Amino acid sequence: MISFNLLIFVALCYVALLFTVAFVAERHAANGRVNWLRSPVIYTLSLSIYCTAWTFYGAVGYAARSGLEFLTIYLGPTLVMVGWWWVVRKLVRIGRAQRITSIADLISSRFGKSTSLGVIVTVIAVVGTTPYIALQLQSVTLSFAVFAQGSGQVWVAEDLNAAAIWVAAGLAVFTILFGTRNLDVNERHHGVVMAIAVEAVVKLCALLAVGIFVVWGIAGGPAATLDMIDQSAISEWSPVGGRWVGLTFLSAAAFLCLPRMFQVLVVENADEKHLATASWAFPAYLMLMSLFVVPIAVVGLNLMPPGSNPDLFVLTLPLSQGQDGLAVLSFLGGFSSATSMVIVATIALATMVSNHIVVPIWLSSTARGATMSGDVRYVVLLARRMSIAGVLALGYAYFRVSGGGAALAAIGLISFAGVAQVLPVLLGGIFWRGATRIGAAAGLLTGFALWAWTLFLPSFGSEGIMSASMMAQGPFGLGWLRPQALFGIDGIDPLLHALVWSMLLNSVVFFVVSIFTFPTPIERLQGAQFVNVFAHSSSPRAATQSAAGAEDLLIMAQRIIGSGQAQALFQAAAQKQGKEGYLPDVTPEFIERLERELAGSVGAATAHAMVGQLTQGANVSVQDLIAVADEAAQILEYSSQLEAKSAEQENTARALRDANEKLTALSIQKDAFLSQISHELRTPMTSIRSFSEILRDGEMGADEQARYAGIIHDEALRLTRLLDDLLDLAVLENGQVQLNNSEGSLRGLLDRAISAAGVDLGELGIHRRAADEQLTLFTDLDRLTQVFINLIANAQKYCDAEKPELRIRVRRVDGAQVIDFTDNGRGIVADHQALIFAKFSRLTDSGKAGGAGLGLAICREIMGRLGGQIDYLPGQGGAAFRVTLPATATRPR
Amino acid sequence: MDGPGKPPVFLARASYRQRRLRDATRLLPVVAAVLMMVPLLWSQSDGLGQPTSAVLIYMFVLWFIVVVIAALLSRLIDPDHEPGATNIEDLR
């Protein structure tokens with residue numbers, strides 16, 4: 001018999017392996033190598049979290065009690081996946097088009113981004129999933145207990161509880177580490193998915209190994225096994241039509257509605273084409289998982305002492321035959337099944353709880369809304385981490401309260417029936433335009449209440465919430481409300497009774513209320529989007545009046561999805577509109593796109609509310625919206641070519657308008673520059689002339705002579721500098737410049753630039769991060785240094801903060817190496833941002849600048865020659881310039 | 001099916017074939033569901049029914065066949081071929 005300590009050691013090694021796998025996968029993803037992380041095989045394996053410990057241990061117990069009925073639990077999902085063309089494909093397409101984060105988000109988003117529907121679905125999911133998490137904790141602790149017993153210890157309740165709390169804590173750590181690394185779910189949890197794929201292989205191999213051992217090692221071949229089956233107690237089973245059909249339906253419904261399944265099926269899906277593989281590979285996986293269940297059950301019933309728990313046969317059978325290695329493998333299989341389910345379920349629930357309950361409450365409790373309050377990104381992440389801990393704590397609490405012991409299968413089916421209440425609304429939402437928010441809420445609440453009344457509350461037993469008399473006579477003696485015989489219809493199997501009534505009334509209420517209510521405009525828009533997702537790949541726009549400045553939106557977006565991604569998004573949008581820089585015009589299309597991107601992080605309802613706070617839109621007339629909606633969408637499809645053309649014209653017009661504005665401003669600037677330059681040239685010339693006249697006339701001491709000569713010299717230098725600048729620019733612009741490429745370190749370059757700019761003497765504080773600057777560059781180093789000197793000198797000259805500071809950050813953005821120079825001054829107002837790179841431009845007239853406004857123009861020309869670029873970066877809380885190095889300049893170390 | 005020889009002369013043929021493959025994919029779960037209910041008929045017809053081992057073998061063979069057909073269909077279907085889009089070739 002294997003010692004208990006050895007088992008603990010093996011389990012810990014296994015956990016360490018999972019951490020490593022997840023970590024390596026995250027590293028690979030971070031380096032952009034996601035191809036093999038995102039293959040159809042991994043996708044299929046990740047779906048296997050459908051097979052929890054309930055399958056691994058419970059299926060054998062189920063078969064021992066109720067014969068082949070256990071098959072229905074796997075037939076339902078098989079039908080759903082084989083029929084992927086009906087529902088799953090549409091769900092995945094909608095999930096990608098609308099950037100859905102969870103099943104609650106899907107329902108909320110479909111019915112007009114309704115917060116209350118999100119809350120209802122979240123509550124159903126939490127109530128339905130908590131017992132299931134408790135079930136996994138129970139199965140892991142029971143399997144530990146089996147080994148403890150084998151090595152001579154007898155576990156009492158305290159030991160089980162202690163084991164459960166360790167397992168729950170470990171799972172919380174793993175889930176928080178790898179489940180909340182990225183806020184945007186569309187970046188997906190590579191580490192988690194990879195670890196789950198490994199666990200999927202382990203549990204399949206473990207169950208197959210036990211099965212093969214049982215059939216060929218104990219029973220003596222397939223034929224003998226089949227004989228054994230026919231002679232065993234299991235053969236007395238005969239299928240009950242209602243339960244067979246009902247359970248197949250139930251498992252199919254649960255497969256679509258379980259939060260964890262929705263997470264892997266829709267949210268983590270990287271490519272719609274993976275579905276094609278999963279449509280047959282996942283049913284094959286299920287088939288293999290169920291293949292040896294009956295043989296194990298039959299042999300277990302024959303060999304094990306009467307009264308032993310059939311739920312643990314997978315573990316106790318190898319142990320009783322002295323197959324320690326196999327038993328450990330089987331233990332790991334069970335462990336894998338339980339942990340992978342808990343991890344994904346927790347991530348899914350935490351996303352729902354934080355997006356639909358915590359963040360909306362936080363948003364409404366902070367008075368000023370999204371832009372003013374602190375870092376939203378941090379709040380959302382914190383909410384998600386707290387939710388993960390909270391969900392696991394709930395599962396543990398349920399485990400303690402229920403005390404374990406009940407047959408594993410019972411809890412599983414009750415859980416399934418709970419989450420299946422979402423199915424009518426889900427299917428209605430994606431296939432029926434007429435479904436309304438009020439109808440959905442009514443249907444969900446009806447189904448949930450009936451499920452709780454007829455199945456969930458009675459499951460706590462007669463000493464639990466419902467007394468025996470209430471079960472027998474109904475509440476307050478109302479016989480027609482008896483939990484297991486509604487409306488006086490008696491004698492149906494309790495599960496079937498609950499399933500039929502809850503699904504039936506749920507659907508009827510949903511349908512009838514939908515018919516008699518009228519949807520809001522946003523609901524109608526979203527309805528058309530969801531139902532016709534294949535027809536219109538582009539989404540209708542919300543007719544929002546854009547009162548928001550693009551810069552405000554950028555600031556908010558940076559807080560939620562991170563600065564790099566937000567800037568990329570804004571830049572791409574601006575480029576699409578034919579504009580340069582980071583600030584696009586705030587058009588309805590742009591608002592909608594932004595809203596969808598944000599929805600990937602915080603859910604549709606919250607994103608809508610946040611953007612709404614800034615744009616103050618949404619107060620559009622019903623006619624407006626309906627005009628844009630369905631009918632118009634169909635016309636749009638036919639006139640798409642026309643639209644493309646007009647969009648092109650719009651872009652051209654916009655570019656022209658911009659160019660015109662720039663020209664007008666420039667010509668004003670140019671006039672100003674001409675007087676400026678003549679002034680700049682005149683002043684030194686005047687002093688040179690007058691002092692040289694004095695010198696010519698003579699009659700002065702040697703001291704004075706030296707002083708006047710010094711003044712003449714200084715002024716001549718100033719003139720030379722100005723002429724040098726002009727000459728430099730002219731040479732650069734004409735492309736006559738010769739680049740002297742050489743190799744050097746970025747760090748040394750910045751050091752040189754800082755000392756050349758004379759910062760050491762001034763009061764400007766410089767913040768750098770030395771570790772990021774370890775880069776070897778190959779380019780024209782002198783020219784690049786000139787750019788750096790210019791930027792640093794500018795910060796020194798123009799930063800108007802009391803304690804001026806300049807941050808220099810080196811990072812990679814979209815594969816390009818960039819260097820950001822950000823000061824803490826007032827920055828440059830949006831009107832001027834387009835002008836600063838033009839030559840002769842100078843924003844202030846103050847003489848202290850001492851230049852002729854050529855510095856940034858020269859910088860831009862230099863960067864252009866080097867193959868990189870320099871841009872103004874708005875929304876950074878000060879003047880910020882981004883120098884993008886050419887791809888050829890950096891070399892891997 | 002056409003072999004992997006020359007591309008067909010009329011593109012509409014490929015389009016047509018894709019549509020029928022989709023029909024088959026839609027029909028498969030329905031047929032499978034009906035066949036999965038067949039064991040219910042056996043046991044009720046004569047009170048005795050088939051031995052459990054026979055039901056077991058039937059179910060797994062059925063399951064296997066469904067998986068194989070699904071695999072074939074999923075390989076033949078081209079998901080990029082949008083059914084909503086009107087193909088000019090179809091109108092010829």
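In the predicted model, buried residues account for 34% of the 92 residues of chain B. The accessible surface of chain B amounts to about 5900 Å², and 66% of that area is supplied by carbon and sulfur atoms. The secondary structure of chain B consists of 4 helices and 0 strands, so that its elements, read from the N terminus, follow the order α-α-α-α. Contacts in chain B were also sorted by separation in sequence. Of those between residues at least 6 apart, 70% join residues at least 24 apart.

In chain A, helix α9 covers residues 190-219. Its length was compared with the value expected from its residue count. At 1.5 Å a residue, the 30 residues of helix α9 of chain A should span 44 Å. The C-alpha atoms at the two ends of this helix are 42 Å apart, which agrees with the expected span. Helix α9 of chain A is also mostly covered, as 21 of its 30 residues are buried. The residue that follows α9(A) is A:G220. The phi angle of A:G220 is positive, near 90°.

A second helix of chain A, α4, spans residues 72-82 and contains A:T78. The relative accessible area of A:T78 is 0%. Because buried means under 20% relative accessible area, A:T78 is classed as buried. When residues up to four places away in sequence are not counted, A:T78 touches A:P283, A:L286 and B:W63. The contacts of this buried residue therefore include residues of chain A and a residue of chain B.

Technical notes: Residues numbered from 1 in each chain as written. Chains lettered and ligands numbered in written order. Predicted model: local features only at pLDDT ≥ 70, side-chain atom pairs only at ≥ 80, totals over all residues. Heavy atoms only, no water. Buried < 20%, exposed > 50% of the residue type's maximum accessible area, 1.4 Å probe, protein only. Contact = heavy atoms within 4.5 Å. Areas by Shrake-Rupley, 256 points an atom, 1.4 Å probe, with all protein chains shown as cover. Expected span 1.5 Å × (residues − 1).
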